[in-house]
Amino acid sequence: MQIDGKEFEKNHLAYTIRSAVEKDAGSLSKLRVQVDGETENLDREKGEAYIDDAGFSKIIREDSKAFNSLFLVAEADGQLAGFSRCAGSQLKRTCHQTEFGIAVLKKYWGYGIGQHLLMESIRWADENQLKKLTLRVLETNIKAIKLYEKHGFEVEGILKKDKLLSDGNYYDTVLLGRINRK
């Protein structure tokens, strides 16, 4: 299922959320490197596990064919401002669920982009009868944890000392899940 484009506005910033298309690949490659360098809330440091244009093109093609995967982008000011990816498995025992993540460029924090990417992902998952959405959040990202809980996610577990950050300390990762009750 593709999402054609939904318009949003907050704090005088208009933006669109839509399904990623192959022409977004180059911008996504650059955006991912930049956002990884702007926060320690994500799994990677800047430049780690680099995905080039061809890699993103392949991911977008594959996600567009899978019933349990979705790749969304947020556009603002004529550029990509963030993305969300729901990555489902093709294994019979786990294809009822999808794991997702959200990334937004720091200059676009506070405009509701992450929340709207989340809401569109939930709507898509519910409409496609996916039973469960899951994600992992760094324990220090309290704002994100509260946002997910507000949208029906529950803490399902803690991975102790899961991430080593630049301050030399280890931090826990919170496992969150949302069950589609429909």
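# Close-up views of a predicted model

**View 1. Gln129, an exposed loop residue in a predicted model.** Gln129 has a relative accessible area of 64% and is exposed, a value that comes, like every other value in these legends, from a predicted model. The residue sits in the loop that leads from helix 3 to strand 6 (132-138). The backbone of Gln129 also deserves attention, since its phi is near 55 degrees, which is a positive value in a residue other than glycine.

**View 2. Asn11, a second loop residue with positive phi.** Asn11 is not a glycine, yet its phi is positive, at about 50 degrees. This residue is placed in the loop between strand 1 and strand 2 (13-19).

**View 3. The hairpin of strand 3 and strand 4.** Strand 3 (residues 70-76) and strand 4 (residues 79-88) run antiparallel and are joined by 7 bridges. To follow the pairing residue by residue, the reader may start at Leu72, whose bridge partner in strand 4 is Ser84. Between the two strands of this hairpin there are 2 residues, and Asp77 takes a positive phi near 55 degrees.

**View 4. Strand 4 beside strand 5, with Arg85 in view.** Strand 4 also pairs with strand 5 (residues 97-104), in the antiparallel sense and over 7 bridges. Within this pairing, Arg85 has Gly101 of strand 5 as its bridge partner. The side chain of Arg85 forms a salt bridge with Asp63, in which the closest N and O atoms are 2.6 Å apart. Arg85 belongs to strand 4 and Asp63 to helix 2, so the pair ties together parts that are 22 residues apart in sequence. How accessible are the two partners? Arg85 is partly exposed, with a relative accessible area of 29%, whereas Asp63 counts as buried at 6% relative accessibility.

**View 5. The salt bridge between Lys6 and Glu120.** The structure holds 15 salt bridges, and one of them is formed by Lys6 and Glu120, with the closest N and O atoms 3.2 Å apart. Lys6 lies in strand 1 (residues 6-10) and Glu120 in helix 3 (residues 113-127), so this contact ties together parts that are 114 residues apart in sequence. Lys6 counts as partly exposed at 34% relative accessibility, while Glu120 counts as buried at 5%.

**View 6. Asp126 and Arg178, followed by a network of salt bridges.** Asp126 forms a salt bridge with Arg178, and the closest N and O atoms of the pair are 3.0 Å apart. Because Asp126 lies in helix 3 and Arg178 in strand 8, the pair ties together parts that are 52 residues apart in sequence. Are these charged residues buried or exposed? Asp126 is buried, with a relative accessible area of 11%, and Arg178 is buried as well, with a relative accessible area of 15%. Elsewhere, Lys6, Glu120, Arg123 and Glu127 are joined into one network by salt bridges that share partners.

**View 7. The hairpin of strand 7 and strand 8.** Strand 7 (residues 154-164) pairs with strand 8 (residues 170-179) in the antiparallel sense, over 7 bridges. One point at which to trace this pairing is Lys163, whose bridge partner in strand 8 is Tyr171. The two strands form a hairpin with 5 residues between them, and in the turn Gly168 has a positive phi of about 85 degrees.

**View 8. A patch of negative charge on the surface.** Which residues gather in this patch of negative charge? They are Glu40, Glu45, Glu48 and Asp167, which come together on the surface. Glu40 is placed in the loop between helix 1 (25-38) and helix 2 (53-65), and at 36% relative accessibility this residue counts as partly exposed.

**View 9. Lys46 in the loop between helix 1 and helix 2.** Lys46 is found in the loop that runs between helix 1 and helix 2. With a relative accessible area of 58%, Lys46 is exposed. Although Lys46 and Arg32 are 14 residues apart along the chain, their C-alpha atoms are separated by 8.4 Å.

Technical notes
Residues are numbered from 1 along each chain as its sequence is written. This is a predicted model: local features need pLDDT of at least 70, side-chain atom pairs count only at pLDDT 80 or more; totals for chains, interfaces and linings use all residues. Side-chain values use heavy atoms; hydrogens and water are left out. Two strands pair if DSSP finds at least two bridges between them. Helices (H or I, at least four residues) and strands (E, at least two) are DSSP runs, numbered from the N terminus. Patches are made of residues with over 30% relative accessible area and no salt bridge: like charges are joined within 9 Å, nonpolar side chains (Val, Leu, Ile, Met, Phe, Trp, Tyr) within 5 Å. Accessible areas come from the Shrake-Rupley method with a 1.4 Å probe; for residues, only the protein chains shown count as cover. A salt bridge is a side-chain nitrogen of Lys or Arg within 4 Å of a carboxyl oxygen of Asp or Glu. Lys and Arg count as positive and Asp and Glu as negative; His and the chain ends are not counted. The place of a charge is taken as NZ of Lys, CZ of Arg, CG of Asp or CD of Glu. Buried means under 20% relative accessible area, exposed over 50%, partly exposed in between (1.4 Å probe, protein chains only).
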